[in-house]
Amino acid sequence: MAQKISVDSYHRWHVRSTLLLTVVGVGVALSSPVVGQEKSHEVSGHSTLDWQTLPNLPDELGVAGAFAGVHGDALIVAGGANFPQPVWDNEKIWRDAIHVLTKVGDDYEWKSGGTLRRPMGYGTAVSTANGVICIGGNDGTATFDEVFALHWNPAAQKVTQVDYPSLPQPCAYGQAVLVGNVVYVAGGQSGGGLESAMTNFWALDLSKMPDANDAALEGDAFEWQELAAWPGGSRAFNITASQHNGYEDCVYVMSGRRKDGDSVEFLADVWEFTPGSGRWRRRSDVPRPVLAGTGIGFGQSHIFVLGGDDGSLFFRADELRDQHPGFPKESLAYHTITDTWTSAGAMPQNHVTTVPVLWDGRIIIASGEVRPRVRSPAVWSVTPMGQERGFGTANYCVLFGYLLAMVGVGLYFARRNRNTDDYFRGGKHIPWWAAGCSIFATMLSSLTFTGIPSKAFAQDWVYAVGNFMIPVVAFVGVYVALPFYRRIDATSAYEYLEKRFSRNVRLFGSASFTLYHVFRMAVVMSLTGLALAVATPLTPEQSVLLMGVLSILYCTMGGIEAVIWTDTIQTVVLLGGGLLALVLLVSGTDGGFSGSLVAAQHGDKLRLANFHWDVTNAQLALWVVVIGALGQNVSSYTADQAVVQRYMTTKDQKLAARAIWTNAVMTIPATFLFFGIGTALYAFYRSHPEKLDPTITTDQIFPLFIAHEMPVGVAGLIVAGIFSAAQSTVSTSMNSTATTIVTDFMRPFNACRTEQGYLKAARVITLIMGVVGTLFGLVFVDPEIKSLFDAFIKVIGLFMGVLGGLFVLGVLTRRANAFGALSGAFVGAMVMFLLWRFTNVNGYLYTFSGIVTCVIAGYGASFVRGEQDSDLTGLTIFTTDEAVSDA
């Protein structure tokens with residue numbers, strides 16, 4: 001016999017379970033061992049490098065100019081040259097041995113990989129999935145143009161060699177780098193003397209490579225291409241490295257030396273090549289020449305120079321001989337976004353003429369020259385160490401006090417929900433300004449707090465134009481979408497699709513929306529967790545759990561009222577925290593406001609538009625931003641239940657319109673605020689490059705400032721703002737998906753017998769959606785993501801383009817029918833998948849492309865079945881009461 005549970009007893013049970021879950025949620029966060037403790041340690045003025053040794057090279061003399069790289073999870077060191085002891089009494093000998101360092105459990109072991117076809121060295125090498133590609137080199141009598149790959153086969157325990165296309169001309173003492181699938185070679189000399197130094201820049205596209213098992217890889221498509229070189233003139237013994245510059249991965253050519261009449265010129269200039277545009281630009285000079293240096297990109301925006309001769313004793317080598325002190329033992333760090341150099345600390349040894357490689361997230365420097373004629377067999381493993389700081393008891397008190405207050409809001413509103421109208425629409429008595437704040441918080445999310453400042457820090461204000469489209473689209477929301485939804489008194493936005501087309505179209509739209517918001521919850525929580533990992537000792541997973549559990553609590557209990565009022569509070573915290581951060585950033589920059597402005601202008605950080613027609617360019621064209629933003633916002637204001645639901649929470653249509661305008665107006669100052677924070681971050685860290693942390697992602701730049709520069713307590717408040725923004729998005733997704741499931745999938749089929757049954761089902765579904773979103777958030781944690789903002793934009797486009805297209809198709813046409821709508825939705829979904837999977841089209845265009853594809857395909861397909869039989873009165877702009885009366 002079924003037991004009857006009263007509403008009051010249900011509330012008592014709900015409150016008890018909520019308190020228990022609250023303790024569990026806070027306990028998850030407190031499982032971090034440093035919570036509530038101040039960490040006592042010295043924070044250096046520059047990045048700290050952890051230097052560890054691996055087993056020495058088997059050649060006890062060491063070698064310089066060896067080919068080095070990683071393949072098959074093993075370090076390969078091949079060829080090179082050295083001087084037998086005593087070094088000043090013997091001639092240089094070129095070597096042909098191939099040494100392979102393999103892992104044996106937690107240990108390492110050197111193995112023989114055979115020999116090269118001839119003794120050789122002083123070429124360059126890059127590590128690829130198909131082997132270590134060895135490029136050029138010499139043997140003391142000749143300079144080579146040959147290129148080959150070394151493949152390590154762990155099972156067979158041997159190295160095989162495969163020929164690649166030869167260089168356009170012989171080259172030694174240059175360096176190469178891999179960017180995507182393209183190998184770039186820059187600098188070097190074509191003969192035995194420095195007078196043959198070249199201004200060469202060659203590229204080999206590995207994606208055009210034939211079968212790697214072929215004995216010789218030839219073909220017109222797979223050849224080296226000669227590209228326009230940097231404007232800085234010829235050089236050899238330069239550094240060539242790759243790193244992301246905020247827009248895309250670039251090639252950097254640094255330092256080197258060349259003949260200058262009878263003397264030698266030591267260079268310190270730096271040049272950046274952008275593959276997307278094919279252009280070079282001058283960057284800040286290295287603080288000193290780093291001839292034959294070891295430079296390598298690490299993290300998302302740093303290049304470390306861990307070796308190099310400054311040339312100060314270049315002409316005294318024969319005089320000093322064994323009294324030579326070696327090369328300078330100070331490492332350098334270059335930050336590509338701020339274009340700044342800083343010291344990276346002292347080095348135990350300075351190895352030159354060797355190829356640095358990345359292996360298991362560490363920089364490996366294998367052997368090399370440590371002073372004239374002297375090599376070292378040492379193999380160094382170098383790891384940049386990030387700065388740490390305990391979050392502190394005061395900050396935690398502020399953070400958890402705020403989060404628990406949000407749960408309190410949920411408890412307060414729990415007793416006010418007597419039916420699903422209260423739970424989903426707040427009984428239609430929400431103040432218009434609160435509904436407006438809720439739309440604002442829902443549309444911007446935590447990615448506004450972290451993603452937009454990091455985007456402006458790394459790039460410019462081009463994306464701000466997209467936000468300026470929100471007030472434009474607000475007219476569509478107020479005068480087109482809002483009247484339709486209020487007229488049919490919709491609880492779910494997709495009720496309109498059934499009235500206009502059919503129930504199947506409604507179910508498709510509702511299911512698509514639900515799937516979108518599950519992914520949206522996961523993306524927002526995972527990306528926010530990653531951003532917060534640098535501001536607190538919480539791991540990304542712990543942050544995701546904390547956000548998920550607390551959002552589940554207050555949203556499950558309080559329904560839409562709890563969501564809207566917490567959104568309103570979170571909006572105040574979001575904007576207040578951002579404004580305070582902006583003040584602190586500007587005041588901490590050299591020169592204050594004027595200094596920040598000068599730095600921003602120097603870095604071209606205030607640019608608002610790019611003018612070109614390339615839809616794949618990382619620097620978005622103005623037209624792409626405008627139509628992309630229009631597409632995103634049209635979909636949000638017309639077809640996103642999370643926004644449409646707010647239309648139905650006010651007393652009447654007039655007040656709902658005020659809510660939409662409130663959001664539109666608030667968007668403008670918020671855009672200036674958060675893009676301004678990004679620009680101020682750029683100016684601050686350009687003034688203080690030593691404060692940058694090479695271990696963080698670009699998206700963690702604002703949390704880094706919060707963690708290291710904010711006063712105690714204030715940091716906790718701003719972190720609370722980030723948490724609150726994420727929770728605003730997550731709780732909205734939970735409530736709106738529960739709304740669509742109950743309204744679109746349960747009520748039409750009379751799944752529950754009573755209103756209380758639907759209310760209980762709504763709470764259970766809210767809980768389930770929150771749990772599912774949180775679990776997906778844990779799965780989606782990926783520190784390799786270059787931009788939170790870009791990733792989020794793609795998620796929006798993949799789902800919302802089709803939904804927006806269905807609404808546009810229904811409202812703007814009378815011909816469209818159910819068959820056409822489903823056909824358009826299917827074609828639109830396929831196009832979205834193809835754009836994402838097989839093209840480089842910028843994700844900003846996804847939503848607009850989805851709308852256009854869905855409308856065109858749907859309208860065309862509608863002619864196959866003829867006109868729709870159902871009454872369209874009040875369902876299109878041509879059949880509203882106003883349109884009919886005008887006719």
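Ala, Val, Leu, Ile, Met, Phe, Trp, Tyr, Cys and Pro count here as nonpolar, Asp, Glu, Lys and Arg as charged, and the others, Gly among them, as polar. By these classes, the lining of the second largest pocket in this predicted model comprises 20 nonpolar, 16 polar and four charged residues. The pocket has a volume of about 1100 Å³, and of the 40 residues that line it, Leu178, Ser242, Ile296, Gly297 and Leu358 lie nearest its centre. Several strands contribute to this lining with at least two residues each, namely strand 2 (67–71), strand 8 (124–128), strand 12 (175–179), strand 16 (239–244), strand 20 (295–298) and strand 24 (357–359).

Strand 20 also holds Phe298, which is classed as buried because its relative accessible area is 12%, below the 20% cut-off. Beyond residues up to four places away in sequence, Phe298 touches Gln243, Phe304, Leu358, Gly361, Ile363, Pro384 and Pro694. The C-alpha atom of Phe298 is separated by 9.8 Å from that of Ala333, a residue 35 positions apart from Phe298 along the chain.

A second residue to follow is Glu272, which lies in strand 18 (residues 263–274) and is buried, with a relative accessible area of 1%. Which side chains make polar contacts with the side chain of Glu272? One such contact, of 2.5 Å, is made with the side chain of Tyr252, and another, of 2.5 Å, joins Glu272 to the side chain of Arg281. When neighbours within four places in sequence are left aside, the residues in contact with Glu272 are Asn245, Cys250, Val251, Tyr252, Arg279, Trp280, Arg281 and Arg283.

Notes. Residues are numbered from 1 along each chain as its sequence is written. This is a predicted model: local features need pLDDT of at least 70, side-chain atom pairs count only at pLDDT 80 or more; totals for chains, interfaces and linings use all residues. Side-chain values use heavy atoms; hydrogens and water are left out. On a 1 Å grid over the protein atoms alone, a cavity is a set of points where a 1.4 Å probe fits but cannot get out, and a pocket is an open set with protein on both sides within 12 Å along at least five of seven lines; lining residues have an atom within 4 Å of a point. Grid points are joined across faces, edges and corners, and a volume is the space filled by probe spheres set on the points. Helices (H or I, at least four residues) and strands (E, at least two) are DSSP runs, numbered from the N terminus. Buried means under 20% relative accessible area, exposed over 50%, partly exposed in between (1.4 Å probe, protein chains only). A polar contact is a pair of N or O atoms within 3.5 Å; within protein, one must be able to donate a hydrogen and the other to accept it, and residues adjacent in sequence count only if both atoms are side-chain atoms. Contact means heavy atoms within 4.5 Å.
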